[in-house]
Amino acid sequence: MTTPAPKYRDKLGGAPHSKLSLRLWLRLLSCSMILEKRVRARLDEEFGTTLPRFDVLSALERHPEGLTMGQLSDYIMVSNGNVTAVVNRLLADGWLVRTTDKADRRVATVRLTRKGRAAFLKMAALHEQWIDHMFQGLSDERIEELMAALGEMRVSIESHGI
């Protein structure tokens, strides 16, 4: 690969592989958007639910002791306000229970009810099938290669963030 001329390289931000990096970012974004769109549609069709509800249930399934609202927000990487709205709807549906810390009444912990866990496990089983189906064109070896490459990418992104 040849290095771009200095004037062209400056337009690219100084990195000789800027165009390639940009194309990679766009490819990742398009794949992510397609996957998310399909999963959102299937969750709605099959269960009449949303991806944010699924994400909250998933996080709480991994933490049976429950999570504080702040921990839940951090875990699923959304704002406290967004988590609160989703949690309130799940509480109203009887899928979650909220307890308040006796020492600090400002701290609330939420966890799954039996009803919420049962509903989530049904969703999770189908979700896994959907993902498997969408990736069926890739061999196990190819998936492992992609996982390793994406791991390297994540390290690069985290260590060279802007």
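1. Let's start with one pair of residues: T68 has T109 in β3 as its bridge partner. Two bridges join β1 to β3, and these strands run antiparallel. Strands here are DSSP runs of E with at least two residues, helices are runs of H or I with at least four, and both are numbered from the N terminus. Two strands pair if DSSP finds at least two bridges between them.

2. A word on what you are looking at. This is a predicted model, in which local features need pLDDT of at least 70 and side-chain atom pairs count only at pLDDT 80 or more, while totals for chains, interfaces and linings use all residues. Residues are numbered from 1 along each chain as its sequence is written, and side-chain values use heavy atoms, with hydrogens and water left out.

3. Now the overall plan. The protein has seven helices and three strands, and from the N terminus on its elements run α-α-α-β-α-α-β-β-α-α. Of its 162 residues, 23% count as buried; buried means under 20% relative accessible area, exposed means over 50%, and partly exposed lies in between (1.4 Å probe, protein chains only). Among contacts with a separation of 6 or more, 47% come from residues 24 or more positions apart. Contact means heavy atoms within 4.5 Å.

4. Back to the sheet. Its three strands form an open sheet in the order β1-β3-β2, with antiparallel pairing. The edge strands, each pairing on one side only, are β1 (67-68) and β2 (96-100). Between β2 and β3 the antiparallel pairing covers five bridges, and T100 stands opposite A108 in β3. As background, strands of a sheet pair through backbone hydrogen bonds, either parallel or antiparallel.

5. Which side chains of β3 are buried, and which are not? A108, V110 and L112 point to one face and are buried, whereas T109 and R111 point to the other and are not. In a regular strand, side chains alternate between the two faces of the sheet.

6. The largest nonpolar core has 25 residues, and those with the most contacts inside it are V56, L57, L60, L72, V87 and L96. Such a core is a set of buried Ala, Val, Leu, Ile, Met, Phe, Trp, Tyr and Cys residues joined through side-chain atoms within 4.5 Å. Two or more residues come from each of α2 (18-47), α3 (51-62), α4 (69-76), α5 (80-92), β3 (108-112) and α6 (114-134). The element that gives the most is α3, with six residues.

7. Two core residues are worth clicking on. Leaving out residues up to four places away in sequence, L57 touches L90, W95, L96, L112, F120 and M123. V87 sits in helix α5 and counts as buried because its relative accessibility is 0%. Beyond its neighbours within four places, V87 is in contact with V56, M69, L72, L96, R98 and V110. The C-alpha atoms of V87 and V110 are separated by 8.2 Å, with their positions 23 residues apart along the chain.

8. Is S73 buried or exposed? This residue lies in helix α4, and S73 counts as buried because its relative accessibility is 4%. Not counting residues up to four places away in sequence, S73 touches V78, S79, N80 and V83.

9. M77 makes a good contrast to look at. M77 is found in the loop between α4 and α5, and M77 counts as exposed because its relative accessibility is 73%. Phi of M77 is near 60°, a positive value in a residue other than glycine.

10. M77 also belongs to a pocket lining: D55, S58, A59, R62, Y75, I76 and M77 line the second largest pocket. That pocket has a volume of about 310 Å³. Both α3 and α4 give two or more residues to its lining, with the largest share, four residues, coming from α3. The lining divides into four nonpolar residues, one polar and two charged. Here Ala, Val, Leu, Ile, Met, Phe, Trp, Tyr, Cys and Pro count as nonpolar, Asp, Glu, Lys and Arg as charged, and the others, Gly among them, as polar. On a 1 Å grid over the protein atoms alone, a pocket is an open set of points where a 1.4 Å probe fits, with protein on both sides within 12 Å along at least five of seven lines; lining residues have an atom within 4 Å of a point. Grid points are joined across faces, edges and corners, and the volume is the space filled by probe spheres set on the points.
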